[in-house]
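Hi everyone, thanks for coming. Let me put the structure up on the screen, and then we'll walk through it together.

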Amino acid sequence: MLKNLFMPILFAAGLALAPMALGSSAAWAQDPGSGPSAEAMQAEIEALILQYADDAAGLEAAIQDYVVESSSKEMAGEAVIAAFTNPQDPAVVRALNGNAGLKAAGARGLGAAISLIGIDDPATASALQAKVAASTDSTFKTAVSEGKSEKDSSTKNNSENNDNANAGDETPETPASGT
């Protein structure tokens with residue numbers, strides 16, 4: 001009787017613990033926190049450049065979103081700098097050479113992203129700003145500064161508007177019911 005009770009319990013425990021055993025054996029093989037490589041990110045940025053080759057405003061927004069939404073914002077920023085200052089894809093080189101506004105739009109998108117990142121993570125924003133400053137492309141650096149300044153001023157204006165939204169409101173802060 002003990003054998004009849006022990007075998008199903010052992011089987012159930014084995015099934016319950018098997019995913020943990022399999023998961024832990026694979027954990028050493030991969031770094032779960034690792035995202036795409038710098039080269040893969042640069043390729044993704046270059047694909048965005050080609051996708052938005054005729055839409056500078058769309059490219060600016062796409063670059064901003066890419067960097068802000070990235071799990072590795074600093075690496076994404078580096079990929080943006082590399083894609084616009086030293087593209088690997090010949091089609092991207094032709095697109096950037098054929099439309100000077102694309103590089104400026106991408107740089108403004110990076111600047112806006114740096115501004116947004118700086119709200120929650122000033123250290124990463126400073127690191128990105130330093131990487132931009134280290135770039136030898138003065139046109140790119142100027143456009144990044146423009147994008148950052150534009151986003152800084154719009155973020156500041158939104159903050160001031162929210163602070164002043166209830167400035168003249170004389171509604172009491174106490175609930176209507178006395179209970």
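Please keep in mind that this is a predicted model. Let's begin in the middle of things, with the largest nonpolar core. It has 30 residues, and the ones that touch the most other members are I45, F84 and L110. Where do the core residues come from? Helices 2, 3, 4, 5, 6, 7 and 8 each supply at least two of them.

Now find I45. Setting aside residues up to four places away in sequence, I45 touches I63, Y66, A79, V80, A83 and F84.

Several of those names come back when we look at helix 4, which covers residues 73–85. Its buried residues are A76, G77, A79, V80, I81, A83 and F84. We can also check the length of helix 4: with 13 residues at 1.5 Å a residue, the span should be 18 Å, and the end C-alpha atoms are indeed 18 Å apart, so the two agree.

Next, have a look at Q64, in helix 3. Is Q64 buried or exposed? Its relative accessible area is 15%, and the cut-off for buried is under 20%, so Q64 counts as buried. Beyond its neighbours within four places in sequence, Q64 is in contact with G109, A112, A113, L116 and K151.

Last stop: helix 5 and helix 6. Their axes come within 4 Å and cross at roughly 100 degrees, which means helix 5 is roughly perpendicular to helix 6. Helix 5 brings A95, L96 and G98 to this contact, while helix 6 brings A100, L102 and K103. By type, that gives 4 nonpolar residues, 1 polar and 1 charged.

Thanks for listening!

Notes: Residues are numbered from 1 along each chain as its sequence is written. This is a predicted model: local features need pLDDT of at least 70, side-chain atom pairs count only at pLDDT 80 or more; totals for chains, interfaces and linings use all residues. Side-chain values use heavy atoms; hydrogens and water are left out. Axes are lines fitted to C-alpha atoms, for helices over the stretch in contact, and angles run from 0 to 180 degrees between N-to-C directions. Helices (H or I, at least four residues) and strands (E, at least two) are DSSP runs, numbered from the N terminus. Angles under 35 degrees count as roughly parallel, over 145 as roughly antiparallel, 65 to 115 as roughly perpendicular and the rest as oblique. Contact means heavy atoms within 4.5 Å. Ala, Val, Leu, Ile, Met, Phe, Trp, Tyr, Cys and Pro count as nonpolar, Asp, Glu, Lys and Arg as charged, and the others, Gly among them, as polar. A nonpolar core is a set of buried Ala, Val, Leu, Ile, Met, Phe, Trp, Tyr and Cys residues joined through side-chain atoms within 4.5 Å. Buried means under 20% relative accessible area, exposed over 50%, partly exposed in between (1.4 Å probe, protein chains only). The expected span of a helix is 1.5 Å times one less than its number of residues.
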